[in-house]
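Please look at the model below with its surface charge and its cysteines in mind. The paragraphs that follow take these topics in turn.

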Amino acid sequence: METAMEAYPPNIIDEAVGKVSEVSAYLQIPPWETYSAALSQFSTDAWAWAQSSYHLTVLTLTPVLILGTVLVRVLYSVFMAVGGRTLQHAYAQAAWFVQVQRSLSPAAVMAELAALATVAGLYLLRRHIRKRRYVPRLRRWMRRHVVRRYQNAVRAVGRTSVLLALALPHLLYAVGVTAVHFAAPAVTRYLALHTPAIGVLTTWMPLVRTILLLHRWTMKKKRLDDAESNKEKEKEKEKSTNIRRQHLFGDESTIESFFRRLSWTADGAYLICPSALWHGDKAKAPSSSPAAGENADDAAAEQQQGPSYATCLFARHHFDQPCRVLAGLEKPSVVVRPNPVLFRLPPGAAVPEAGDGDDEEDTEEEKGPASTSTTARLPYRSIFAVLTLDSVLIYDTYHSNPLCLARGLHYANLTD
């Protein structure tokens, strides 16, 4: 030990002790005396808190425990009083039942067993009937075969004579009563002399049945009259409104093409849509065929049997209905290609002013969408090509008839 102490100089030990003291002072480590005094105070306070908590718990739960004890005693007393009497009564009843059973003869015991077996059998039969649904099936069979036949017989008799149909329940009742009287006269005599069944069956039941039958027939006739009147009203409404829902464009079964290429004009004023259908008359539809002028009189005389193929022009921001329908096509149109250049109006064409549209709108409503005014409200015109399955037509936005027509360009159907 002396050798180890001699290995370190005294000044190094003093410096280490000083450093430890500085660290303790910086970390505020209390001295052992202060720490032990604080620990002792904590122990004293904790013990005092435990005592005060126990005292508070005892003061709080003492009334509850007393009340619970009283309730338990009362319930125990009631249970013992009632239970004791019940047990005594049950014991007396059991002793009486045993005594009575001992005093019975063997025949009476067998009768009791037979009654118990009958009750058990009836219970099992009831469960079996409910499980197999015999009662609903019997009701369904009665409704289908007996009640329906009876109703059909009443209706058949009612077609011949309504009075006889009303008297039919009474006749059936008389036949049934006569059969019961001859089959079981004692039962009929008992019902007639000792019960009010005869009065109910002879007077009130047929009367109620007759009233219900008349009410049912009256309500049925009223429903039929209402249905007929509703049908007549619907027919009159259809005649007055004359609304027919028609397709504006063809579907896959109408047009043998897998594409419909619509396009805008160069100025964006019109959206040109191919594959349209025109449901108007031939006389109102502007023709796009060169030979259509020869048959104009025949076309005006008769209506077309089904829609014709057409091309629709929709004005920008007015897509609720087409502003122009280029109808009269023999084959459906599938492709539209507008010219990117805008052209002047034809020589002598008057450019409409902004206020000259009211009269044109009235004439357009009278003539229909396919024969709108040929004057477009633009100071120029757009030229576009419409491709059908067998021809190419050139239109402009000023005229309704095509400017030119090219047909027979290819043996097969045309595509884009």
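Arg 133 sits in the loop that lies between α4 and α5. The model is a predicted one. With a relative accessible area of 48%, Arg 133 is partly exposed, because that class runs between the 20% limit for buried and the 50% limit for exposed.

Arg 133 also belongs to a patch of positive charge on the surface. The other members are Arg 127, Lys 131, Arg 132, Arg 137, Arg 139, Arg 140, Arg 143, Arg 144 and Arg 148. Two helices, α4 (106-132) and α5 (134-160), supply at least two residues each to the positive patch. Of the elements involved, α5 gives the largest share, with six residues.

A patch of the opposite sign is found on the surface as well: Asp 225, Asp 226, Glu 228, Glu 232 and Glu 236 form a negative patch. One of these residues, Asp 226, is placed in helix α8, which covers residues 197-241. Asp 226 has 38% relative accessibility and therefore counts as partly exposed.

The cysteines are the remaining topic. A disulfide is a covalent bond between the sulfur atoms of two cysteines. How many disulfides does the model contain? The count is zero. Cys 323 is an example of a cysteine in no disulfide: its nearest cysteine sulfur belongs to Cys 312 and lies 9.2 Å away, whereas a disulfide requires the two sulfur atoms to be within 2.5 Å. Cys 323 has a relative accessible area of 29%, so it is classed as partly exposed. Cys 404, at 41% relative accessibility, likewise counts as partly exposed.

Note on methods
Residues numbered from 1 in each chain as written. Predicted model: local features only at pLDDT ≥ 70, side-chain atom pairs only at ≥ 80, totals over all residues. Heavy atoms only, no water. Patch = residues over 30% accessible without salt bridge, like charges linked within 9 Å, V, L, I, M, F, W, Y side chains within 5 Å. Areas by Shrake-Rupley, 256 points an atom, 1.4 Å probe, with all protein chains shown as cover. Salt bridge = Lys/Arg side-chain N within 4 Å of Asp/Glu carboxyl O. Lys, Arg positive; Asp, Glu negative; His and termini not counted. Charge placed at Lys NZ, Arg CZ, Asp CG, Glu CD. Helix = DSSP H or I, 4+ residues; strand = E, 2+ residues; numbered from the N terminus. Buried < 20%, exposed > 50% of the residue type's maximum accessible area, 1.4 Å probe, protein only.
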